[in-house]
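Work through the exercises below with the coordinates open. Each task sentence is followed by a stepwise solution.

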2 protein chains.
Amino acid sequence: MINIFLEYLKDKFPITEEELEMLSQVCTVKKLRRRQYLLQEGDVWQKNAFVAKGVLRTYRVDEKGTEHIIQFSIENWWAGDRQSYHSGLPSAFNIEALEDAEIVLIPKADFDRLQIEIPKFGEFTRALLERSFIASQNRIHASISYSAEEKYADFIKTYPDITNRIPQHMIASYLGISPETLSRIRNQIAKK
Amino acid sequence: MINIFLEYLKDKFPITEEELEMLSQVCTVKKLRRRQYLLQEGDVWQKNAFVAKGVLRTYRVDEKGTEHIIQFSIENWWAGDRQSYHSGLPSAFNIEALEDAEIVLIPKADFDRLQIEIPKFGEFTRALLERSFIASQNRIHASISYSAEEKYADFIKTYPDITNRIPQHMIASYLGISPETLSRIRNQIAKK
DNA sequence: CAAAACTCTTGATATTTATCAAGAGTTTAA
DNA sequence: TTAAACTCTTGATAAATATCAAGAGTTTTG
């Protein structure tokens with residue numbers, strides 16, 4: 001599984017064999033069965049997690065007990081809680097495997113150090129962060145601008161690879177609409 | 001105005017006089033009258049903008065002509081369009097002054113170079129990006145989880161300094177609710 | 001300073017979306 | 001392999017929110 005991660009890195013930016021070795025030495029692999037948790041609310045998140053296989057969801061539970069999905073993560077994506085990572089405070093999130101998954105983990109201390117020791121790696125993670133931010137800005141735009149139907153259309157267009165791997169009611173949760181409403185929207189679309 | 005920016009930097013991370021000089025040499029100041037634009041849809045954004053004075057709003061216009069406010073920026077905040085900045089493509093955003101404003105501008109080429117030449121500056125802008133991302137995650141959470149009333153309560157709690165400086169209907173636009181609904185929400189809150 | 005533009009409110013009504021409830025089909029797991 | 005859990009759909013109804021329209025203050029600007 002670590003090889004998948006190393007291939008990913010090689011594909012993303014120029015990196016020497018020696019640097020790959022430095023990175024692989026700090027990696028560990030965590031296997032998750034469906035419905036197992038990578039992070040649970042209240043725990044502090046102090047690592048970086050690369051999804052080599054499987055699907056994860058990151059969600060919060062509100063006072064009424066309703067779950068709200070903040071993010072899905074599939075192969076070649078990252079997962080985690082940046083807020084807890086940087087603040088050292090307990091996380092408000094849960095990260096759960098929706099399929100059996102294999103995750104490459106790098107402890108915070110090693111990750112932060114290697115970003116300096118391997119400048120290209122530091123640049124890469126920064127570019128990743130830039131893109132994550134842009135994606136979240138786009139999601140905000142969709143969220144304040146679109147109707148429920150438009151939000152769903154935008155989702156399946158933006159994340160076609162995720163759409164078919166997760167239950168429909170979780171897409172509804174991600175979009176902030178009720179599962180019944182999403183079901184009816186799909187019904188309407190099908191009729192056209 | 002450049003001094004305000006330099007004071008801001010000194011306050012945020014350790015920086016030498018020489019480094020401050022390097023930065024100040026690439027800064028220019030742009031004065032904006034109320035309702036003037038810093039960026040207009042279709043233009044390419046290739047700079048960094050620090051708000052020394054005033055309030056800006058960043059918004060998009062949808063097909064129906066409705067404006068949706070993506071962000072407000074007040075003193076000591078940054079404004080811009082990261083998507084256009086990194087892609088070199090025309091921006092979909094407009095950035096407009098809501099009060100007379102003074103903006104410190106740094107061209108992309110200089111900014112990117114100085115991040116490397118002044119490592120602490122690079123670290124600082126990265127931390128800034130991390131915090132922006134976390135803030136946008138929180139906004140997404142509010143957007144998919146809260147009722148209109150809760151969104152408004154969250155906004156005035158999170159951004160008390162902005163609340164009183166901008167028209168109410170623009171807060172509604174930022175939250176993705178209609179101005180009439182916000183007016184009624186405030187009316188209800190006042191009755192309690 | 002007077003007209004125009006902007007801002008907020010309020011009422012009436014329409015539309016969108018949520019909630020509650022039940023049932024059918026699937027998948028999961030003891 | 002069968003009961004339990006999960007998933008999706010559909011109907012009835014309720015609640016939240018948007019839209020349209022008008023009017024009263026306020027601010028801006030020529």
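**Exercise 1. The surface near DNA strand C**

Task: find how many residues surround DNA strand C and which are the closest.

Solution. Count a residue as near the strand if one of its heavy atoms lies within 4 Å of it. By this criterion 16 residues surround DNA strand C, and the closest are T181(A), R184(A), Q168(B), S183(B) and N187(B). Next, sort the residues of this surface by class: three are nonpolar, eight polar and five charged. Here Ala, Val, Leu, Ile, Met, Phe, Trp, Tyr, Cys and Pro count as nonpolar, Asp, Glu, Lys and Arg as charged, and the others, Gly among them, as polar. Finally, take the strand's side: of its atoms within 4 Å of the protein, 60% belong to sugar or phosphate and the rest to bases.

The model is predicted; local features need pLDDT of at least 70, side-chain atom pairs count only at pLDDT 80 or more, and totals for chains, interfaces and linings use all residues. Residues are numbered from 1 along each chain as its sequence is written, chains are lettered from A and ligands numbered from 1 in the order in which they are written, and side-chain values use heavy atoms, with hydrogens and water left out.

**Exercise 2. Atom pairs with the strand**

Task: which atoms of DNA strand C do polar side-chain atoms of E180(A), R184(A) and Q168(B) approach?

Solution.
- For E180(A), the partner is a base nitrogen, at 3.1 Å.
- For R184(A), the partner is a base oxygen, at 2.9 Å.
- For Q168(B), the partner is a phosphate oxygen, at 2.5 Å.

Then assign elements, with helices (H or I, at least four residues) and strands (E, at least two) taken as DSSP runs numbered from the N terminus. Two or more residues of the surface come from each of α9 (179-191) of chain A, α8 (168-175) of chain B and α9 (179-191) of chain B. The most come from α9(B), which gives four residues.

**Exercise 3. The setting of R57(A)**

Task: decide whether R57(A) is buried or exposed, and name its side-chain partners.

Solution. R57(A) is found in strand β4 (residues 56-61) of chain A. Its relative accessible area is 6%, so R57(A) is buried (buried is under 20%, exposed over 50%, partly exposed in between; 1.4 Å probe, protein chains only). For polar contacts, look for N or O atom pairs within 3.5 Å, one able to donate a hydrogen and the other to accept it; residues adjacent in sequence count only if both atoms are side-chain atoms. The R57(A) side chain makes such contacts with the side chains of E67(A) at 2.8 Å and E96(A) at 2.7 Å.
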